[in-house]
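Dear colleague,

I am handing over the structure below, together with some notes on what was found in it. Please read the notes with the coordinates open beside them.

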Amino acid sequence: MHNALSQTSGTREGQFVTTLFCARPTTPNIGNDLINRATRDLLYAVFGEETSIVNISAFANGGRGGLSAAQIYDMNRFADGVVIGGGNLFENGQLTIDRHALRSLRTPMMLIGVSHGRIYDAVGAWTHRSDSMPDTEARELVAKAEIAMVRDHGSLAILQAMGVGHVEQAGCPTMFMAPNAPGAPCDGRVLLSVRHPARMSVPPALQWRTPQDVRRLADALRDVYGDRVHLVCHDYMDLEFAAGFPDVPHLYFDDVDRYVAALRGCLLNVTYRLHAFLPCLAFGAHSIHLSYDERGKAMVDTAGMGTWDIDLMTETDLVSAVLARAAAPADYQRLRTQAADGLARMRDLTLSGLQRFAGAVERHRSDAKRR
């Protein structure tokens with residue numbers, strides 16, 4: 001899908017190229033880089049390959065970044081459009097918003113693939129994170145956006161409960177990456193994507209159980225697949241955790257191309273990380289997701305794979321549950337086929353939203369030329 005209108009407008013024919021500022025999470029996590037890659041590919045598909053995409057941190061540092069006053073000043077001067085996302089920007093304290101400056105943003109803005117979710121408290125009940133975006137900020141942010149798309153039904157429900165309007169549930173951009181070609185090579189590796197337990201917002205009993213679970217999972221997988229099992233670290237904090245398993249080789253990715261290649265080529269991916277499961281779902285690589293918070297569980301369910309998810313809060317025999325799914329790739333592919341129509345609808349909704357955003361960018365540019 002391609003919008004040629006936004007490439008050739010300007011004072012001289014063919015000289016004006018669309019410039020989009022993209023405020024994205026920049027914490028050191030390969031999942032954030034993957035989301036950005038998938039978002040970028042969608043933007044190029046709609047706005048054209050010549051589009052200039054200026055990635056900035058969603059969190060202000062040194063005065064610029066996010067929707068800070070200095071950054072909005074630059075957006076009004078240089079950007080034809082502003083894209084916020086994708087990622088967990090309604091929580092984690094990762095999006096800086098100067099509410100006064102936001103009101104002065106003249107450039108069209110779009111939210112894409114953003115999420116909001118609750119965590120488990122010490123007794124296993126749902127609660128909002130302490131760094132969640134305040135309701136007033138969330139309402140003002142969405143009200144300012146031309147298009148607002150969240151990735152899952154849990155995020156949509158939370159925003160609707162806040163009184164936020166005109167939000168669409170359109171999935172995560174990583175769900176729309178191209179599938180593996182028929183007969184694509186498999187490297188035979190089994191990837192166990194981990195998360196440092198100290199970074200998991202779960203009751204203490206589950207947090208302390210996680211190293212034991214990973215130990216048992218790694219041993220059980222090696223009993224089946226031998227030395228093909230590798231731990232995968234998504235951010236550098238995971239390296240400390242992986243060091244506790246010196247007998248299991250680990251992989252760390254700081255390059256998104258290498259990460260995509262590893263997921264595309266693996267025999268099996270067992271993952272505590274949502275953004276290992278979603279791309280595998282898109283590629284067709286066999287994957288098993290282990291959920292421990294609302295945003296992961298809700299996204300897997302929204303993707304049509306809820307019955308395949310393993311909920312760590314309720315599963316009493318994690319190893320058996322994983323091995324049963326690992327031995328049933330045909331069941332995974334059957335569920336994936338059943339989910340395909342829903343994923344296609346979300347992709348169409350995402351592209352439609354981007355086309356509407358492209359129209360808003362073009363109208364803004366035309367209005368600016370008349371001034």
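**Contacts of Arg295**

Leaving out residues up to four places away in sequence, Arg295 touches Asn88, Glu91, Asn92, Gly117, Arg118, Arg129, Arg151, Asp152 and Leu274. Please keep in mind, here and in everything that follows, that this is a predicted model. Arg295 itself belongs to helix H10, which covers residues 294-302, and because its relative accessibility is 12%, under the 20% that marks the limit for a buried residue, Arg295 counts as buried. Its side chain also makes a polar contact with the side chain of Glu91, at 2.4 Å.

Two of the residues touched by Arg295, namely Asn92 and Asp152, come up again for reasons of their own. Asn92 is placed in the loop between strand E3 and helix H3 (99-102), and it has a positive phi of about 70° although it is not a glycine; at 22% relative accessibility, Asn92 counts as partly exposed. In strand E3 itself (residues 81-87) lies Gly86, and the peptide bond that joins Gly85 and Gly86 is cis, with omega at about -10°.

**Helix H5 and the loop after it**

Asp152, for its part, caps the N-terminal end of H5, where one of its side-chain oxygens lies 2.9 Å from the backbone nitrogen of Gly154. Within H5, the buried residues are Gly154, Ser155, Leu156, Ile158 and Leu159, and what covers them includes strand E4 (109-114), helix H4 (135-144), strand E7 (147-150), strand E8 and helix H10, the last of these being the helix in which Arg295 is found.

H5 is followed by Gly163, whose phi is positive, near 90°. A positive phi is also found at His166, where the value is near 40° in a residue other than glycine. His166 is placed in the loop between helix H5 (153-161) and strand E8 (168-169), and with a relative accessible area of 46% it is partly exposed.

**Helix H8 and its crossing with H1**

How do the axes of helix H1 and helix H8 cross? The axes of H1 (residues 30-47) and H8 (residues 256-265) come within 10 Å and cross at roughly 90°, which means that H1 is roughly perpendicular to H8. Where the two helices meet, Ile30, Asp33, Leu34 and Arg37 belong to H1, while Val256, Asp257, Tyr259 and Val260 belong to H8; sorted by class, this contact has five nonpolar, no polar and three charged residues.

H8 also has an N-terminal cap, in this case Asp255, with a side-chain oxygen that lies 3.1 Å from the backbone nitrogen of Asp257. The buried residues of H8 are Val256, Tyr259, Val260, Ala262, Leu263 and Gly265, and among the elements that cover them are H1, strand E9 (190-194), strand E12 and helix H9 (274-283).

**The buried side of H11**

In helix H11, which covers residues 318-326, Leu318, Val319, Ala321, Val322, Arg325 and Ala326 are buried. Because these residues cover an arc of only 165° around the axis, they are on the same side of H11. What covers the buried residues of H11 includes helix H6 (204-225), strand E12 (268-271), strand E13 (287-291), strand E14 (310-311) and helix H12 (329-370).

**Asp311, and a long separation along the chain**

Strand E14, named just above as part of the cover of H11, is where Asp311 is found. Is Asp311 buried or exposed? At 12% relative accessibility it counts as buried, and its side chain makes a polar contact with the side chain of Lys297, at 3.3 Å. If neighbours within four places in sequence are left aside, Asp311 is in contact with Tyr120, Ser291 and Lys297.

Finally, Phe16 lies in the segment before strand E1 (19-24) and, at 29% relative accessibility, counts as partly exposed. Phe16 and Phe277 are 261 residues apart along the chain, and their C-alpha atoms are separated by 39 Å.

With kind regards

Conventions. Residues are numbered from 1 along each chain as its sequence is written. This is a predicted model: local features need pLDDT of at least 70, side-chain atom pairs count only at pLDDT 80 or more; totals for chains, interfaces and linings use all residues. Side-chain values use heavy atoms; hydrogens and water are left out. Helices (H or I, at least four residues) and strands (E, at least two) are DSSP runs, numbered from the N terminus. Buried means under 20% relative accessible area, exposed over 50%, partly exposed in between (1.4 Å probe, protein chains only). A polar contact is a pair of N or O atoms within 3.5 Å; within protein, one must be able to donate a hydrogen and the other to accept it, and residues adjacent in sequence count only if both atoms are side-chain atoms. Contact means heavy atoms within 4.5 Å. Axes are lines fitted to C-alpha atoms, for helices over the stretch in contact, and angles run from 0 to 180 degrees between N-to-C directions. Angles under 35 degrees count as roughly parallel, over 145 as roughly antiparallel, 65 to 115 as roughly perpendicular and the rest as oblique. Ala, Val, Leu, Ile, Met, Phe, Trp, Tyr, Cys and Pro count as nonpolar, Asp, Glu, Lys and Arg as charged, and the others, Gly among them, as polar. The arc is that of the directions from the helix axis to the C-beta atoms.
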